[in-house]
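Biologist: I am new to this structure and should be grateful for a close look at a single part of it. Please take one helix and describe it carefully before turning to anything else.

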Number of protein chains: 2
Amino acid sequence: MDGALNDIKIVEVTTMAAAPMAARLLADWGADVVHIEHPQTGDPWRTWIKKPDGSLYPPEVSYHYWEHYNRNKRSMSLDISQEQGREIIYRLLKNADVFITNRRPAELRRFRLDYASIKKTNKRLVYASLTGFGKKGPDKDAPGHDTVGFWARSGFMYLLQQAGSAPPSPGYRTVAAGDTLTGVALALGITMALLARQKTGLGQEVDVSLLNMGIFANVPAVMSLGPVIQVLGGKKAYTDMLRRERHDVSPLFISYETKDKRWLQLSLAPPEPYWAEFCRAIGREEMAADSRFSSAEARTENKEALFRTLEDVFRTRTLAQWKAAFKKTSLIWSPIQRPDEAVRDPQARANGIFVPFQHPGLGRMRVVANPVRLSRTPASVRTPAPEFNQHTEEILLELGYDWESIARLKREKVIA
Amino acid sequence: MDGALNDIKIVEVTTMAAAPMAARLLADWGADVVHIEHPQTGDPWRTWIKKPDGSLYPPEVSYHYWEHYNRNKRSMSLDISQEQGREIIYRLLKNADVFITNRRPAELRRFRLDYASIKKTNKRLVYASLTGFGKKGPDKDAPGHDTVGFWARSGFMYLLQQAGSAPPSPGYRTVAAGDTLTGVALALGITMALLARQKTGLGQEVDVSLLNMGIFANVPAVMSLGPVIQVLGGKKAYTDMLRRERHDVSPLFISYETKDKRWLQLSLAPPEPYWAEFCRAIGREEMAADSRFSSAEARTENKEALFRTLEDVFRTRTLAQWKAAFKKTSLIWSPIQRPDEAVRDPQARANGIFVPFQHPGLGRMRVVANPVRLSRTPASVRTPAPEFNQHTEEILLELGYDWESIARLKREKVIA
């Protein structure tokens, strides 16, 4: 066997990023994934990234983007709002192992693609859904992107906002990072359900939301359950703690600007084992014995002085010089890299996060590997993300449709 | 059956956050997880959160924190640097299904806990490791926290930095969010390996790193593979694009400050279907027909004017008033909530992300549920995170040690 999922068939009625990423991860391990797209509009993710003036980037740019979420899949166009489209998807699901969707509950009921309807035809089916805000509650049918579901509503974005600045915007900066990470959780749920099916013979429903993931990831949310806010001294004390600025926390656990306007992040926590070595690394050996800083208590008492001193010290050398000075130490630190630097980082490259791929249209390229590495049944990149509608006929022929029926489905705009 | 993993035994030699979260997620589905801690120091995560002066918070605060990563587990003290400690862990692993560690490669070889050594005694064992920077490369043995591995080095933190402000610091703000999300990926890898083992009868190595996850999550990193930077017009154009400020992007995809100094996030992308409804929601119906704004092209041309107008409009009402105005619309938006607000959010509550739990010492409380919901084999909260060393004797008795040997192991400080 190659992948762990070579015998698994997945059908996805999804768009954009989060749910397609779950399916792509599973496709990397060999699952046959059919990505269903609307015959007229296709998946909007194909052209989501646009220039500030609204025009499209050249194909090389959007390709990497689309590819990341959809490689190793097949594309089928199908209008699920038509009765004939639903008949086809029911035929697909009769022999599928997994159905993945990011449609909202009301839509799914309208298209009879809710779990209650589908499980009657295939009780072994794992039914996985990814929503912005969950399948219950007042906003279950509200639309939710990465930015609002994972980041803004969960408390995540509040925590990243700094004094005197607007909140950072993962939406136009990190682009779908919350979606992507939530897709990993959905893939976990699907795999767990497949494992359970080995014992029970039965499928089940898997349910993940952007909002739940954002809350789950944040310890400050976890901490605010129960009486913690009162214990801390009330809401204001809690909020102040959450938004502590750089100079309010340990000067050994923050970032500093360098001579060339770059930033270096320290993470010397707990600091005790590192203090003397740190002083040597910054060329200030005398500070190791300086009684203002030489114990945890003293550093807390003289936090402001230490902060100012380190701000000045780090401005005396460039990031490259600091990297050289820190390289041979056991300190916990990192340059704050740009994404293009991360991509050239020898450490990242050594661990196989980028893999070469020969794309039929764009030639030799590298793509980001599956971040979960398995030694015996490794993930692989086999085929590029599909062209829109590339496999519709192939899949209909597999289902037993003949060319005459396929021509009719095209005429009636059930497929493209 | 209750959980999907009721028959799975996991041994973890881990500390802190990321690797323990992988084990905790699996414990939620019924796996028996033995969390091994050093007999003298224990897992430093038990008391990681400290006040700015370095002193400990009351138990209610650190409890929620420690609990989140370690519920449903058993705690065993064991000094794996001693030969007798290694003998015990080898006996545990002989009948285990999964080994999880976040120790670095050099340490694992020293303790003969590397995969090559362990798999000789149990070829069905799934061997899972979580590192800061991966198991190969120049920095494979460098220490890596959440802040440096997931956020700083990967490009993530760079993307969240805004003009005129230091980089945000997930380290002291979101606390281990990158660890937590990477733990989900390790849990996925372990589950996939267990599924593969059903067919092959063999275990394998699973390998996840904070750095790889940070890169994987970020489309701007993905995009900078291949010729994209050149296509965009060179490195400066690329960097400028990554750090676009609020006023440089679509005014319908950013956050605005309200009258009461709170923030509201819009995510009207693509904006076309929402424009008229949005104008009504903000009480500026006349803007829908205003030729400066009524098409995508016009809004791009008059971006600055639209931005300033919306900044002024949103400052005229409080967040609560805006929530009321947006509630009945189909717009994609969210208040930027504090974590304590997220915890009280009726939508979050309706979807079961918080579950009640009766803690033996602290009484009735709520904890954050497993974010992956399975209908037939649901995750559950059965036992609180263990006290340090709580199950050492119980586990040694299960392995066949008698009370005399246990007393000797205590005397020789192999266990606590």
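Modeller: The part I have chosen is helix H2 of chain A, which is largely enclosed by the rest of the structure, because 10 of its 12 residues are buried. Please bear in mind that this is a predicted model. Burial here means a relative accessible area under 20%. The buried residues of H2(A) begin with Val61(A), Ser62(A), Tyr63(A), His64(A) and Tyr65(A). The list continues with Trp66(A), Glu67(A), His68(A), Tyr69(A) and Asn70(A). An α-helix has 3.6 residues a turn, so residues three or four places apart point the same way.

As to its dimensions, H2(A) comprises residues 59-70 and spans 15 Å between its first and last C-alpha atoms. That is close to the 16 Å expected at 1.5 Å a residue. Just after the helix, Asn72(A) adopts a positive phi of about 65°.

For a contrasting element, one may turn to chain B, where 3 strands make an open antiparallel sheet in the order S7-S8-S9. Strands S7 (255-257) and S9 (333-335) of chain B are at the edges with a single partner strand each, so one side of each has no neighbour in the sheet. From one strand to the next, the twist averages 20°. S7(B) is joined to strand S8 (residues 263-266) of chain B by 3 bridges in the antiparallel sense, and Ser255(B) has Gln265(B) in S8(B) as its bridge partner. Helix H15 (residues 303-314) of chain B lies across S7 and S8 of that chain, at about 50° to S7(B). Helix H16 (residues 319-327) of chain B also packs on the sheet, where it touches S8 and S9 of chain B, and its direction makes about 155° with that of S9(B).

Methods:
Residues numbered from 1 in each chain as written. Chains lettered and ligands numbered in written order. Predicted model: local features only at pLDDT ≥ 70, side-chain atom pairs only at ≥ 80, totals over all residues. Heavy atoms only, no water. Pairing = 2+ DSSP bridges. Helix = DSSP H or I, 4+ residues; strand = E, 2+ residues; numbered from the N terminus. Axes fitted to C-alpha atoms, helices over the stretch in contact; angles between N-to-C directions. Contact = heavy atoms within 4.5 Å. Expected span 1.5 Å × (residues − 1). Buried < 20%, exposed > 50% of the residue type's maximum accessible area, 1.4 Å probe, protein only.
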